[in-house]
Amino acid sequence: MQSAAFTLSPSLSLPLRNYSLNASRPSLPLRLFAKHTEGVNSNGASSTSFLRRSWTLSPSSSFKFRPLPPSPPRAAENAVPDSAPAENSLFKTLELGALFGLWYLFNIYFNIYNKQVLKAFHYPVTVTVVQFAVGTVLVAIMWGLNLYKRPKISGAMLGAILPLAAVHTLGNLFTNMSLGKVAVSFTHTIKAMEPFFSVILSAMFLGEFPTPWVVGSLVPIVGGVALASVTEASFNWAGFWSAMASNVTNQSRNVLSKKAMVKKEDSMDNITLFSIITVMSFFLLAPVAVFTEGVKFTPAYLQSAGLNVKQLYVRSLLAALCFHAYQQVSYMILQRVSPVTHSVGNCVKRVVVIVSSVIFFQTPVSPVNAFGTAIALAGVFLYSRVKRIKSKPKSA
């Protein structure tokens with residue numbers, strides 16, 4: 001009878017998967033021993049014993065590990081419907097389109113209701129406080145019901161956010177002051193000059209100098225706004241300078257957000273940041289409103305002024321809701337698209353708001369005025385496209 005401790009044929013292929021020998025590595029001898037003992041087989045014949053053999057494996061050896069070919073994937077495990085990626089892409093496109101539509105719709109209704117309130121109630125500071133107050137209530141509901149994660153805020157974070165809240169408050173206050181003095185279309189035409197102030201403030205405080213392409217795109221913006229201002233039927237210096245001040249403060253917010261960055265570990269998303277700024281803006285502006293305009297939003301005062309209390313309250317509430325909603329949707333869009341795409345969408349939004357306000361309020365617009373507005377908006381669109389063009393470094 002024979003017994004074998006271990007047998008291996010030199011031509012045997014070992015089924016080792018994904019095994020490879022690197023020729024650059026040093027040769028490590030691998031000896032496989034086979035021992036055969038003499039015995040008697042079943043037929044009674046004596047079997048010869050063979051000597052102890054060994055094989056040395058090296059990268060140059062003819063004995064190689066040959067991996068088995070991978071088994072074909074199972075159809076049941078890897079079957080993916082061809083229509084799944086297309087359906088997912090279509091859903092995302094429809095979702096993004098719906099968000100852009102809501103962004104524009106909320107903007108249109110905010111400007112309409114806000115203008116109606118400011119035409120009847122000539123207290124822009126109080127109107128702005130009401131809008132921040134409604135936003136503060138919405139933020140409290142959102143955090144209280146865990147509709148959005150409530151942030152953990154430290155004193156250092158509040159200190160970093162305070163300047164942003166201050167310029168945010170001023171930006172919205174100046175916008176409402178302008179809307180109370182001039183037509184909605186003219187206010188937004190002036191606000192098309194935001195890129196101009198963004199370039200100036202970035203160069204002054206951040207050392208970011210514009211490329212020739214960016215400077216060239218500012219020419220039609222400034223020229224278009226100037227042409228529209230000269231031919232504007234509702235032109236008013238108070239409204240004009242209020243809109244300009246709104247441009248400065250809004251772009252100052254962008255500069256401050258870069259200079260006074262919150263620590264990386266304490267960073268937060270844009271929706272949370274906007275929510276905190278809204279609450280802080282309310283507490284910053286409420287005392288100013290009481291001090292400068294008094295308590296004017298009570299039913300008794302509104303009735304004594306001959307105003308429709310219910311109508312004014314409803315329009316103020318709708319304007320505040322639309323204001324907060326379009327800001328939230330804007331940040332939701334920004335999380336899904338690039339800043340350049342968002343900037344282009346914002347340019348289109350301004351066109352939609354101007355056209356809709358002209359139609360709703362029957363604002364008289366001369367051909368020269370319309371031409372100036374169109375030039376300014378075309379310059380904004382051009383600015384959003386050339387802003388990403390980097391200047392070539394000078395060769396030494």
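Select Thr126 to begin: this residue is buried, with a relative accessible area of 7%, where buried denotes under 20% relative accessible area, exposed over 50% and partly exposed in between, for a 1.4 Å probe and protein chains only. The structure is a predicted model, in which local features need pLDDT of at least 70 and side-chain atom pairs count only at pLDDT 80 or more, while totals for chains, interfaces and linings use all residues. Residues are numbered from 1 along each chain as its sequence is written, and side-chain values use heavy atoms, with hydrogens and water left out.

Thr126 is placed in helix H3; helices (H or I, at least four residues) and strands (E, at least two) are DSSP runs numbered from the N terminus. Display its surroundings next: leaving aside neighbours within four places in sequence, Thr126 is in contact with Phe121, Ala289, Glu293, Gly294 and Phe297, contact being heavy atoms within 4.5 Å.

Now show the whole protein. It has 13 helices and 2 strands, and buried residues make up 37% of its 396 residues. Of the contacts between residues at least 6 apart in sequence, 85% join residues at least 24 apart.

Return to H3 (residues 124-144) and add helix H11 (residues 309-334). The two pack at an angle of about 60 degrees, with their axes 9 Å apart; axes are lines fitted to C-alpha atoms, for helices over the stretch in contact, and angles run from 0 to 180 degrees between N-to-C directions. H3 is therefore oblique to H11, since angles under 35 degrees count as roughly parallel, over 145 as roughly antiparallel, 65 to 115 as roughly perpendicular and the rest as oblique. The crossing of H3 and H11 is right-handed: the near helix is turned clockwise from the far one by less than a right angle, whereas anticlockwise would be left-handed. On the H3 side select Val130, Gln131, Phe132, Val134, Gly135, Leu138, Val139 and Met142, which meet Leu317, Ala320, Leu321, Phe323, His324 and Gln328 in H11. The residues of this contact divide into 10 nonpolar, 4 polar and no charged, with Ala, Val, Leu, Ile, Met, Phe, Trp, Tyr, Cys and Pro taken as nonpolar, Asp, Glu, Lys and Arg as charged, and the others, Gly among them, as polar.

Next, select Asn172 in helix H4 (residues 155-181). Asn172 counts as buried at 11% relative accessibility. Not counting residues up to four places away in sequence, it touches Thr128, Phe132 and Phe323. The side chain of Asn172 also reaches the backbone oxygen of His168 at 2.8 Å.

Move to helix H7 (residues 212-230) and helix H13 (residues 367-386), which pack at an angle of about 160 degrees with their axes 7 Å apart. That angle makes H7 roughly antiparallel to H13. H7 passes H13 in a left-handed crossing. The residues of their contact divide into 16 nonpolar, 6 polar and no charged. Those to select in H7 include Trp213, Leu218 and Ile221, and those in H13 include Phe371, Ile375 and Tyr383.

Finish with two loop residues. Most residues other than glycine have a negative phi. Asn146, in the loop between H3 and H4, has a positive phi near 60 degrees, and is exposed, with a relative accessible area of 63%. Gln362, in the loop between helix H12 (339-361) and H13, has a positive phi near 55 degrees; Gln362 is exposed, with a relative accessible area of 64%.

Technical notes. Polar contact = N/O pair within 3.5 Å; in protein donor to acceptor, adjacent residues only side chain to side chain.
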